[in-house]
Amino acid sequence: MASNHEVAAIFREIADLLEVKGEVVYKYGAYREAARQIEAYATPVTTLAAERRLREIPRVGEAIAAKIAEYIKTGRMEYLDRVRSEVPPGLVDLLHVPGLGAKKIQALHRAIGITSLADLEEALRAGRVRDLPGMGEKTESNLLDEIGRLRARVQRHPIGIARPEAEEVVDALKASCPTVHAIDIAGSLRRWRDTIGDIDIIVASATPIDVLAAFVVLPMVRDVLAHGDTKASILTFRDLQIDLRVVAPVEFGAAILYFTGSKAHNVRLRALAQRRGWTLNEYALTEEATGRVIASESEEAIYHALDLAWIPPELREDLGEFELAASGDVPRLIEASDIDGELHCHTDWSDGHLTLDATVAEAERRGLRYLAITDHSQSLAMVRGLTPERARLQWAAIDAVNRRGGPTRILKGVELEILPNGSLDFPDDVLRGFDLVIASIHSGFRQDRETMTKRIVGALRNPHVDVIGHPTGRRVGRRDPYEVDMNAVLRAAAETGTAVEINANPERLDMDDAHARAAAALGVTIPINTDAHGADNFDLLRYGVATGRRAGLRPENVLNTRGLDELLSWLARPTTPA
Ligand SMILES: [Zn+2]
Ligand SMILES: [Zn+2]
């Protein structure tokens, strides 16, 4: 029977096909948004269809409801078949190549018959692309590079896709299996790496057969890859492989520790055990000579037996955590509840989805003490970036909101373009009017390392610039960072007292954990920002917090853990133009 996940997968496919076909964004975007809503909706589509309630799902209108009903009834969707017949499905993969949009893909298809990524690669190598309009030799070699990078990325999934899927499995098994004694996500997903290979989940239960039977029929399961007595593997509709292992409750600690990794961390742990004449494996920490179990039920007990404090999973990379744990100095890592306010968000004054009032209401509902509205500046015309005139109108609107005296203080911010030539999108006398200026790059990504580094360092040396936004421009799983010397950027930021953001959107996570670790070591102030463009984007904070935890950040490293007064005095800090 069709599950919500299966139906969502179909609408995602339709959206991809329409996008590559060159349809307008609101059309394929509507399918993509409907897919997201259907997947998240708690009531099965089959129940809703039977009771003619499909339109209860947000973003599901009459046309989409009819398509769902058709699919449930007949197992087919005529519209999907039609779009599939109009667009070679292999073209969809080309959308993942940075630099290729629908127009170029269509042109490649029509002019030289490209129908897949492999086709394109062959044509590029044969030099058949350079003569097409708008291409040329430079584009040809750029595209070949991008395809190489794409192939390297493709085996891993962005955490923003993997995490919700894994949590859904955990919640479903907790709800449906009363014999689940404990359950947790393991592997790189528990360590919150920004991309994930396969997902590992560990369950403690005395009845593994029952748990596995419930697992393989969950609604997100597309294929069952293996189904044994203590372990099963499935493939989901989002192409994620999930391996579930069931262990005896008494072994849970050893199993979750073993399968959380990292490999490097586990190697160090085993060496510490060996030094004492013990062995550590996925079942227990054991005395080698006698076979006596020293600890197995909890991770804490195993770490403590080895004279270590418990180490948070995000730090388990053998990057200094053993030294901290041995001296009892494991840092109190930043937590989402430490965050007091949000310093980067967009409203419908530029490319956000909510009005200013609705954005403020959302911030109030979430208990934020402060919120900086940071719409784009004028050069980003595509998204109606603010001109100085519109910025002044927005300031007046923000003043009016603040006069109402709500619980959230609204700050006048801007996400200011750092233009390709290094200049800023507003002159100083306009910048002076903002409470908070984030300077970011959204164009001119292909500059060489020296030019790009100068461009960013130049921006952060402007005394009005408070924060550098998403400093490397990467998109997780989609676009590699631009060429930039982050060490030089961070050193300059430390010197000028400019903050450098961790953008929490799981498609960005920029700066990443390694850069954030370096930033903290230099004393750079780090805000963790959601860059929200809509109400549920505020939920993305946890991904940025996880990046901060992987970097070993404490609450005091993070700008927006400060209370309003402290934040305002930071914003008013004396800056030395250098
Ligand atoms: Zn941005
Ligand atoms: Zn932004």
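In the predicted model, D16 is partly exposed, its relative accessible area being 24%. The side chain of D16 forms a salt bridge with that of R32, with an N to O distance of 2.8 Å. The two partners come from distant parts of the chain: D16 belongs to helix α1 (residues 4-21), whereas R32 belongs to helix α2 (residues 25-40), and 16 residues separate them. R32 has a relative accessibility of 30% and therefore also counts as partly exposed.

D16 takes part in a domain contact as well. The chain is divided into five parts, namely domain 1 (4-87), domain 2 (90-153), domain 3 (157-247), domain 4 (266-326) and domain 5 (336-571). Between domain 1 and domain 2, the C-alpha centres are 29 Å apart. Seven residues of domain 1 and six residues of domain 2 make up the contact. About 530 Å² is buried between domain 1 and domain 2, and carbon and sulfur atoms account for 75% of this area. On the side of domain 1, D16, E19 and V20 contribute 72% of the area buried against domain 2, more than any other three residues. The number of salt bridges between domain 1 and domain 2 is zero.

Across the structure, 49 salt bridges are present. Side chains of opposite charge can pair when their charged atoms come close. One of these pairs joins the side chains of R53 and E51, with N and O 2.3 Å apart. R53 is partly exposed, at 28% relative accessibility, and E51 is likewise classed as partly exposed, at 44%. A further salt bridge connects R190 with D184, where 3.7 Å separates the closest N and O atoms. In this pair R190 is buried, with a relative accessible area of 11%, while D184 is partly exposed, with a value of 30%. In addition, K21, E23, K27 and E86 are joined into one network by salt bridges that share partners.

R52 is located in the loop between α3 (45-50) and α4 (62-74). With a relative accessibility of 79%, R52 is classed as exposed. Its C-alpha atom lies 9.1 Å from that of A65, a residue 13 positions away along the chain.

The model also contains two zinc ions, ligand 1 and ligand 2, which are bridged by E415 and lie 3.4 Å apart. For the zinc ion (ligand 1), the protein donors are E415 through OE, H442 through NE2 and H470 through NE2, at distances of 2.1 to 2.2 Å. Along the chain, the donors of this zinc ion (ligand 1) are spaced as E-x26-H-x27-H. Distant parts of the chain are linked by the pair E415 and H442: E415 is in strand β13 (residues 409-417), and H442 is in the loop between β14 (436-440) and α19 (449-460), with the two positions 27 residues apart. E415 has a relative accessibility of 0% and so counts as buried, the limit for this class being under 20%.

The zinc ion (ligand 2) has H344 (NE2), H346 (NE2), E415 (OE) and D531 (OD) as its protein donors, again at 2.1 to 2.2 Å. The spacing of these donors along the chain is H-x1-H-x68-E-x115-D. The angles among the four donor atoms of the zinc ion (ligand 2) run from 80 to 168°, and the site is irregular. A tetrahedral assignment would require all angles to lie between 85 and 135 degrees, and the range of 80 to 168° does not meet this condition. For comparison, the ideal angle for four tetrahedral donors at a metal is 109.5 degrees.

E415 thus connects the zinc ion (ligand 2) with the zinc ion (ligand 1) as a bridging residue. H344 lies in the loop between β11 (341-342) and α16 (356-365), and E415 lies in strand β13, so this pair ties together parts of the chain that are 71 residues apart in sequence. H344 is buried, with a relative accessible area of 0%.

How values were computed
Residues are numbered from 1 along each chain as its sequence is written. Chains are lettered from A and ligands numbered from 1 in the order in which they are written. This is a predicted model: local features need pLDDT of at least 70, side-chain atom pairs count only at pLDDT 80 or more; totals for chains, interfaces and linings use all residues. Side-chain values use heavy atoms; hydrogens and water are left out. Donors are N, O and S atoms within 2.8 Å of the metal (3.2 Å for Na, K and Ca); water is not among the atoms, so sites may look incomplete. Helices (H or I, at least four residues) and strands (E, at least two) are DSSP runs, numbered from the N terminus. Buried means under 20% relative accessible area, exposed over 50%, partly exposed in between (1.4 Å probe, protein chains only). Four donors count as tetrahedral if all angles lie between 85 and 135 degrees; four count as square planar and six as octahedral if opposite donors are over 155 degrees apart and all others between 65 and 115; anything else is irregular. Domain bounds come from an automatic or database domain assignment. Contact means heavy atoms within 4.5 Å. Buried area is the accessible area (1.4 Å probe) that two parts lose on being put together, summed over both. A salt bridge is a side-chain nitrogen of Lys or Arg within 4 Å of a carboxyl oxygen of Asp or Glu.
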